Amino acid sequence: MSAHQPASRPFRDRYLDGELDAYFRLQPGNTGGALATPRAVDRDALTAALERYARDRHAPEAVFTALDELRHPDSRAVVTGQQVGLLLGPAYTLSKAVTALKLAEQLSGDERPVVAIFWLASQDHDSAEIDHSYLLDLDETLHRLELPLPRGTPAGRIRLQDGWAEQIIDELAKLNVNQPFYEDVRERLRRSAEHAQSYADWFAGLLYDLLGDQGLIVLDPLEPGLAPLFRDVLAREVRDPLSSSDAINRAADALRDQGLDPQLGRGEQATNLFFETDDGQRQLLRYDDGLFRSENAEFTPDDLLSLLDRDPSRLTPAAGLRPVTQDAVLPTAITVVGPGELRYFCQLQGVYEAHGVAMPLIWPRATVTVLEPPVHRILDKFELSHHDIQERYTDVRDRVLLDLHGHAEAFDHHLDELERLADHLVEHVRAIDPTLERTVRRGEGYIETTFETLRDKSARALAKQDSIYSRQFRRLHAHLLPEDTPQERILSPFSFFLKFGAENVVREFLRLEPHGDHTIRF
């Protein structure tokens, strides 16, 4: 018996194995069914708005070729998206975009073109999640860069201030990175900021700069030509404001019955709608006795329907409705998601059905971990994987140190002996009085816990004595588990651009298959 219990199975594995099929319209991997699903959308208005946005961002020609394909009456889209974080946020932003591009490339044909679309979460107002970025320099020092974003304001409404780009460029210049690659990054940041009006535009410009040549289309839902296309879904939600919340909560109850934790929960009277105030604050609407209420105002349904006619961008969906608005206006075949998004998509089938929108195929994104030279050398030396470090760092470090000093075998041997002796003792006790077996087992558990504690303390003592190996494990932690978080969920891709070059890094990402777990070695 070990004091360390295995982690519960990830949602992704449960989904891919079919355990969650009841929560989705299409089974995992059913690309044929996804492509065959009818999608009646206003392609003319959609592509016109996307084209205007791309031209304003000075997107490369391949983007406009992709837009021409999107005009095809039978075209489909592989859609993904992300919050608009500083320096593209965490590296999984790049993983998501590349997964969508590779899937679109594999599924596209002359009779049914498939394009990749990246949806900017420009309506999101959680500034504390997007105002910073983490980079690890050549000294293996973790740096947090940050901008003073206003709180409570949708990212697409935050004006890109003069000097923000230069501030970040100056901070990057202080890091220990490869100078030629720094100069390339500096120019990319300046180019993308030059054509940006909002904070979200800067993010979009960087995506176009890095992946526009691959035909990635970027969509900002606050773009004036796009906002009216969401009216039908939002108006239906206004007329029946609690049905989608009820559907989400019913799915949450079903997940709990399976012993799973739901991602979303809608409180009493909470709708899936946000209202943007005159001063740019985004506030959740609640519904009671025929009225919608924000923090400091109230509206009748007719008030909100009138607002949708005047300025549809001021009424925006919450997480439980946003994918439905997306798939009501896009010819979506597949949506590429991360682990957290997969969890909340489990709760959305009823919302899709309530709005008469077909739920697309949900596709877990590829995961990518970049192994820098010292990292893969140390991993190879100890015969470890990056998963070993990211999932159970302390246990693995302790085990290796005990092994290296010849103590691991002794601990294992004596624990085995303890279990064998306990089994013999139970046999004797059972013959005397069966009710005493529980007492013996409790004692066995106590002794095993004491052994595990002694093992941990011994390993920590070795870590203090063995400076060389301890330093190597600290390096692994710095690269693979910064801030105790797996690398791709915290380090910006610019952390790697500054060491190995943006073109080199993007090229390696584009070589990967659009599924599974991958490593890139430099």
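**Strands, helices and a cavity in a predicted model**

Modeller: Three bridges join strand β6 (residues 270-276) to β10, and the two strands run antiparallel; the model we are looking at is a predicted one.

Biologist: How do you know that β6 and β10 count as a pair?

Modeller: Two strands pair if DSSP finds at least two bridges between them, and β6 has three bridges to β10, so the condition for a pair is met. Within this stretch, Leu273 stands opposite Pro317 in β10.

Biologist: What makes β9 and β10 the edges of their sheet?

Modeller: The open sheet has five strands in the order β9-β8-β7-β6-β10, with antiparallel pairing. Both β9 (298-299) and β10 (315-317) have a single partner strand, so one side of each is left without a neighbour in the sheet.

Biologist: Which strands make up the open sheet with parallel pairing?

Modeller: That sheet has five strands, ordered β5-β2-β1-β11-β12, and its edge strands are β5 (217-219) and β12 (361-364), each of which pairs on one side only. Neighbouring strands of this sheet are turned against each other by 30° on average, direction ignored.

Biologist: How do you know that β2 and β5 are paired?

Modeller: At least two bridges are needed, and three bridges join β2 (residues 114-120) to β5, the two running parallel, so they pair. As one example from these strands, Trp119 has Leu219 in β5 as its bridge partner.

Biologist: Which helices lie against this sheet, and at what angles?

Modeller: Helix α3 (residues 43-56) lies across β1 (76-82), β2 and β5, running at about 95° to β5. Helix α13 (residues 322-329) packs on the sheet as well, touching β1, β2 and β11 (332-337), and its direction makes about 145° with that of β11.

Biologist: Why is the space of about 50 Å³ called a cavity and not a pocket?

Modeller: In a cavity a 1.4 Å probe fits but cannot get out, whereas a pocket is open; the structure holds three cavities of 30 Å³ or more, and about 50 Å³ of space lies in the largest. Its lining includes Ser95, Val98, Phe509 and His518, and helix α5 (residues 92-107) gives the largest share of that lining, four residues.

Biologist: How do the residues of this lining divide by kind?

Modeller: They divide into six nonpolar, three polar and two charged. Lys102 and Glu513 belong to the lining, and Lys and Glu count as charged.

Biologist: Where is the predictor's confidence under 50?

Modeller: Over residues 1-7 the pLDDT stays under 50, while the protein averages a pLDDT of 91 and 88% of the residues score at least 70.

Conventions: Residues numbered from 1 in each chain as written. Predicted model: local features only at pLDDT ≥ 70, side-chain atom pairs only at ≥ 80, totals over all residues. Heavy atoms only, no water. Axes fitted to C-alpha atoms, helices over the stretch in contact; angles between N-to-C directions. Contact = heavy atoms within 4.5 Å. 1 Å grid on protein atoms, 1.4 Å probe; cavity = no way out; pocket = protein on both sides within 12 Å on 5 of 7 lines; lining within 4 Å. Points joined across faces, edges and corners; volume = space filled by probe spheres on them. pLDDT = per-residue confidence, 0-100.
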